[in-house]
Amino acid sequence: MIVEVVSIFPELVGLLDVSLLGKARGSGLLEVRAHDLRDFTHDRHRTVDDTPYGGGAGMVMRPEPWGEALDAVLADGPAPLVVFLTPAGERFDQAMARRFAAEERLVFCCGRYEGIDQRVIEHTAARARVLEVSLGDFVLNGGEVAALAMIEATARLLPGVIGNPESLTEESHESGLLEYPAYTKPAEWRGLEVPPVLRSGDHGAVARWRAAQSLERTRRVRPDLLPPEA
């Protein structure tokens with residue numbers, strides 16, 4: 001998979017060099033390219049923003065550098081899915097991560113300030129597949145942190161990135177519910193014991209316990225995830 005990030009802080013992409021994603025990059029499973037938006041400006045201040053039409057607080061990212069950056073990125077490689085990071089977008093979830101993982105190439109456009117001039121998104125949508133996506137119902141200073149989170153959630157689903165692929169099927173949100181509690185050795189720690197069923201060796205009982213715990217945790221923490229009949 002090829003992932004490209006357009007940002008005024010391209011150095012943040014270096015965080016993907018650690019842990020499993022770093023190994024995936026080293027082995028060729030994942031290729032990440034960072035592009036500095038300021039490289040597509042033409043004034044000595046490398047300006048990427050200006051005041052909004054209609055007034056109001058904050059600044060808006062200018063269309064010219066974004067247009068030139070996307071001209072260059074879209075012309076170099078297979079047709080991508082272009083993702084604009086915005087709190088006004090569709091909320092990212094595990095299903096979207098799986099959708100992204102099926103793509104050959106993703107381009108993440110990281111806005112700042114009050115966002116990117118809307119014409120950039122409209123113009124890009126006329127020549128590529130475009131999604132406006134939000135990491136969640138909150139506001140960040142820019143799209144870089146959101147992009148990193150989405151890239152990690154997506155890349156770990158690629159074949160060969162996670163050592164034991166079976167672990168992916170038992171995680172929170174994969175089944176629509178939150179994952180059951182996890183325990184490891186020792187069996188007793190500071191007066192707290194691992195539930196006896198997990199030490200019983202009865203795999204059927206363990207599976208039933210985990211399913212019940214998953215349902216109970218979801219009902220308690222995220223009841224919005226429960227199907228109507230649960």
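Is Cys110 buried or exposed, and what is its relative accessible area? In this predicted model, Cys110 is buried, with a relative accessible area of 0%. The neighbouring entry in the numbering, Cys109, is likewise assigned to the buried class, and its relative accessible area is 0%.

The cysteines were then examined for covalent pairing. A disulfide is a covalent bond between the sulfur atoms of two cysteines. A search extending over the whole structure returns zero disulfides. For Cys109, the closest cysteine sulfur is that of Cys110, at 7.5 Å, which is too far for a bond, given that a disulfide requires the two sulfur atoms to lie within 2.5 Å. Viewed from Cys110, the closest cysteine sulfur belongs to Cys109, and the separation of 7.5 Å is again too far for a bond.

Attention turns next to helix α1, which spans residues 19-27 and in which Leu21, Gly22 and Ala24 are buried. When the helix is viewed down its axis, these buried residues fall within an arc of 160°, and they therefore line one face of α1. The partner of this face is α5, comprising residues 144-155, against which the buried residues of α1 pack. On the other side of α1, by contrast, Ser19, Lys23 and Gly26 are exposed. Helix α1 thus presents a buried face formed within an arc of 160°, whereas exposed residues, Ser19, Lys23 and Gly26, occupy its other side. Just after α1, Gly28 adopts a positive phi of about 90°.

Conventions
Residues numbered from 1 in each chain as written. Predicted model: local features only at pLDDT ≥ 70, side-chain atom pairs only at ≥ 80, totals over all residues. Heavy atoms only, no water. Buried < 20%, exposed > 50% of the residue type's maximum accessible area, 1.4 Å probe, protein only. Helix = DSSP H or I, 4+ residues; strand = E, 2+ residues; numbered from the N terminus. Arc of directions from axis to C-beta. Contact = heavy atoms within 4.5 Å.
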